[in-house]
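Dear colleague,

I am handing over a structure that you have not worked with before, and I would be glad if you could look through it alongside the notes below. They begin with one term and then go from single residues to the chain as a whole.

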Amino acid sequence: MALRITEECINCDVCEPQCPNNAISMGLEIYEIEPSHCTECVGHFDEPQCQVVCPVECIVFDLDHPEDQDMLMAKYRHLTSPA
């Protein structure tokens with residue numbers, strides 16, 4: 001399941017550089033996560049690094065984009081495969 005950033009985001013800039021898939025970027029008002037690039041860090045780390053560093057715990061599962069571990073791993077492989 002992709003992650004999303006809630007309105008509690010304080011724009012502290014710590015999550016964006018932690019994302020190995022470059023899924024996090026600044027939106028109009030707060031940081032946003034691109035679901036097609038978010039693998040919850042599957043393939044890179046044991047836990048989502050953005051959640052680990054977020055000081056206000058505003059990064060939650062995106063229920064609009066349900067995915068299991070196999071789907072996340074397939075997405076990781078697609079994102080990291082050579083073109």
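A residue is called buried here when its relative accessible area is under 20%, exposed when that area is over 50%, and partly exposed in between. Please keep in mind throughout that this is a predicted model.

With that cut-off in hand, C58 can be classed as buried, because its relative accessible area is 4%. C58 sits in the loop that runs between α1 and β4, and, if neighbours within four places in sequence are left aside, its contacts are R4, I5, T6, E8 and C9. The C-alpha atoms of C58 and E7 are 7.5 Å apart in space, although 51 residues separate the two in sequence.

A second loop residue to look at is V14, which belongs to the loop between β1 (3-5) and β2 (24-26). V14 has 32% relative accessibility and therefore counts as partly exposed. Once residues up to four places away in sequence are set aside, V14 touches V53 and P55; with V53 the C-alpha to C-alpha separation is 6.6 Å, across 39 residues of sequence.

P66, in the loop between β4 (59-61) and α2, has a relative accessible area of 55% and so is classed as exposed. Not counting residues up to four places away in sequence, P66 touches M1 and M71, while its C-alpha atom lies 22 Å from that of C9, a residue 57 places away along the chain.

Helix α2 comprises the twelve residues 69-80, and its end C-alpha atoms are 16 Å apart, which agrees with the 16 Å expected at 1.5 Å a residue. At the start of this helix, a side-chain oxygen of D68 comes to within 3.1 Å of the backbone nitrogen of D70. Which residues of α2 are buried? They are L72, K75 and Y76, and, seen down the helix axis, the buried residues fall within an arc of 105 degrees, so they line one face of α2. The face turned away from that buried side carries the exposed residues D70, R77 and H78.

T39 brings a loop into contact with this helix, since the contacts of T39, leaving aside neighbours within four places in sequence, are N21, L72, K75, Y76 and L79. T39 is placed in the loop between β3 (31-33) and α1 (49-53), and with 0% relative accessibility T39 counts as buried.

Turning to the whole chain, there are two helices and four strands, which follow one another along the sequence in the pattern β-β-β-α-β-α. The radius of gyration is 12 Å, close to the 12 Å that the globule rule gives for 83 residues, so the chain is as compact as a globular protein of that length. Taken along the principal axes, the box filled by the C-alpha atoms is roughly 35 × 25 × 25 Å.

Of the 83 residues, 37% are buried, and the chain exposes about 5,400 Å², of which carbon and sulfur atoms supply 50%. Among contacts between residues at least 6 apart in sequence, 68% join residues at least 24 apart.

With kind regards

Conventions
Residues are numbered from 1 along each chain as its sequence is written. This is a predicted model: local features need pLDDT of at least 70, side-chain atom pairs count only at pLDDT 80 or more; totals for chains, interfaces and linings use all residues. Side-chain values use heavy atoms; hydrogens and water are left out. The radius of gyration is taken over C-alpha atoms; the globule rule is 2.2 Å times the number of residues to the power 0.38. Buried means under 20% relative accessible area, exposed over 50%, partly exposed in between (1.4 Å probe, protein chains only). Contact means heavy atoms within 4.5 Å. Accessible areas come from the Shrake-Rupley method with a 1.4 Å probe; for residues, only the protein chains shown count as cover. The expected span of a helix is 1.5 Å times one less than its number of residues. The arc is that of the directions from the helix axis to the C-beta atoms. A polar contact is a pair of N or O atoms within 3.5 Å; within protein, one must be able to donate a hydrogen and the other to accept it, and residues adjacent in sequence count only if both atoms are side-chain atoms.
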